[in-house]
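Please take a moment to look over the sequence and the 3D structure below before reading on. The report that follows moves from one residue to the whole chain, and then to the empty spaces.

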Amino acid sequence: MSMQSTVTEIFDGPPAKLADTLPGVHELIRARWSPRSFSSRDISDRDLKTILDAARWAASSNNEQPWRFLVARKSDAAAFEKLLNLLVPANQAWAKAAPVLMIMASKRTFSPSGSPNRFAMHDTGQALAHVFLQATALGLHAHGMAGFDAERARKDLHIPDDYELGAAVALGYLAPPDQLPERYRDGEISKRQRKPLNELVFGADWNQPVSSLISSE
Ligand SMILES: Cc1cc2nc3c(=O)[nH]c(=O)nc-3n(C[C@H](O)[C@H](O)[C@H](O)COP(=O)(O)O)c2cc1C
């Protein structure tokens, strides 16, 4: 069976969360979204390792692989609390239910030259995209978070100066929206929004539209 049919068959989110894409966009991409309602069900070691291995295979400038993951499982209460406490309260409120929290860091310089890598965070973002898609393929969900105290994270997690802080991530299985504090419930079932392609795609000049790429056909 192709991956195309499997993903929508296992899609367990609210219908509005399935992305309203053009036909042909891969089902994995359609099915990925960022929930806040996580179940207490744990992630197996094998699935967690698979997700991190998918990230390992992201493309990067000069194959530098600047991404690093600091991972805390709820089964290790001290580690989990350490990461959870770094999140802003609005993220703590829902992320505390997830069985895995991560914080990403990105090496600012190329090894071994030490020259600045201006694509470090770009490539770290690609690794995160692999996490999102691999999690979706496994019936899991991941939610990125900018809302955490990066300065305190650097101190508490002993992240060296040569690494910039990337996103925090909550990872786990989906739970029904009513398990969330009330203020987050509407967001859990609302339609996902995107800018139209013509605001995102130009020809070989800034803002110059490419008619063949922006028509709705
Ligand atoms: C780097 C990054 C940081 C984010 N920070 C937060 C955050 O701090 N809190 C939050 O609730 N959502 C956060 N999000 C989730 C975005 O709001 C979400 O991806 C966006 O609204 C699109 O929704 P979708 O992922 O369901 O398509 C973040 C996402 C990314 C990729």
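## A16 and its surroundings

Leaving aside its neighbours within four places in sequence, A16 is in contact with I189, S190, K191 and R192, where contact means heavy atoms within 4.5 Å. This is a predicted model, in which local features need pLDDT of at least 70 and side-chain atom pairs count only at pLDDT 80 or more, while totals for chains, interfaces and linings use all residues. Residues are numbered from 1 along each chain as its sequence is written, and side-chain values use heavy atoms, with hydrogens and water left out.

A16 is found in the loop between α1 (3–10) and α2 (27–31), where helices (H or I, at least four residues) and strands (E, at least two) are DSSP runs numbered from the N terminus. Although A16 and I189 are 173 residues apart in sequence, their C-alpha atoms are 6.3 Å apart in space. With a relative accessible area of 27%, A16 is partly exposed; in this scheme buried means under 20% relative accessible area, exposed means over 50%, and partly exposed lies in between, with a 1.4 Å probe and protein chains only.

## The chain as a whole

How many helices and strands does the protein have? The secondary structure comes to 10 helices and four strands, and along the sequence these follow the pattern α-α-α-β-α-α-β-α-β-α-β-α-α-α. The radius of gyration of the protein is 19 Å, close to the 17 Å that the globule rule gives for 217 residues, so the protein is as compact as a globular protein of that length. Here the radius of gyration is taken over C-alpha atoms, and the globule rule is 2.2 Å times the number of residues to the power 0.38. Along its principal axes, the C-alpha trace spans about 55 × 50 × 35 Å.

Of the 217 residues, 39% count as buried. Among the contacts with a separation of 6 or more, 71% come from residues 24 or more positions apart. The protein exposes about 12300 Å², of which carbon and sulfur atoms supply 54%; these accessible areas come from the Shrake-Rupley method with a 1.4 Å probe, and for residues only the protein chains shown count as cover.

## Residues in helix α6

Helix α6 holds both T124 and A129. T124 is buried, with a relative accessible area of 1%, and, leaving aside its neighbours within four places in sequence, T124 is in contact with P66, W67, M104, A105 and S106. A129, by contrast, counts as partly exposed at 33% relative accessibility. A129 and A142 are 13 residues apart in sequence and 9.9 Å apart in space, C-alpha to C-alpha.

## Backbone details in the loops

The peptide bond from S111 to P112 is cis, with omega near 0 degrees, and P112 lies in the loop between β2 (100–107) and α6 (120–137). Two asparagines with a positive phi, neither of them a glycine, are set out here.

| Residue | Phi | Loop | Relative accessibility |
|---|---|---|---|
| N62 | near 60 degrees | between α3 (45–56) and β1 (67–73) | 64%, exposed |
| N207 | about 70 degrees | between α9 (197–200) and α10 (211–214) | 54%, exposed |

## Empty spaces

Rolling a probe the size of a water molecule over the atoms shows where empty space is left. On a 1 Å grid over the protein atoms alone, a cavity is a set of points where a 1.4 Å probe fits but cannot get out, whereas a pocket is an open set with protein on both sides within 12 Å along at least five of seven lines; lining residues have an atom within 4 Å of a point. Grid points are joined across faces, edges and corners, and a volume is the space filled by probe spheres set on the points.

By this rule there is one cavity of 30 Å³ or more. The largest cavity holds about 70 Å³ of space, and its lining consists of V7, I10, F11, D12, A31, T136, G139, L140 and H141. By class, this lining has five nonpolar, three polar and one charged residues, where Ala, Val, Leu, Ile, Met, Phe, Trp, Tyr, Cys and Pro count as nonpolar, Asp, Glu, Lys and Arg as charged, and the others, Gly among them, as polar.

Which residues line the second largest pocket? They are K17, R32, W33, S34, R36, H143, G187, E188, R192 and R194, and by class this lining has one nonpolar, three polar and six charged residues. About 180 Å³ of space lies in the second largest pocket.
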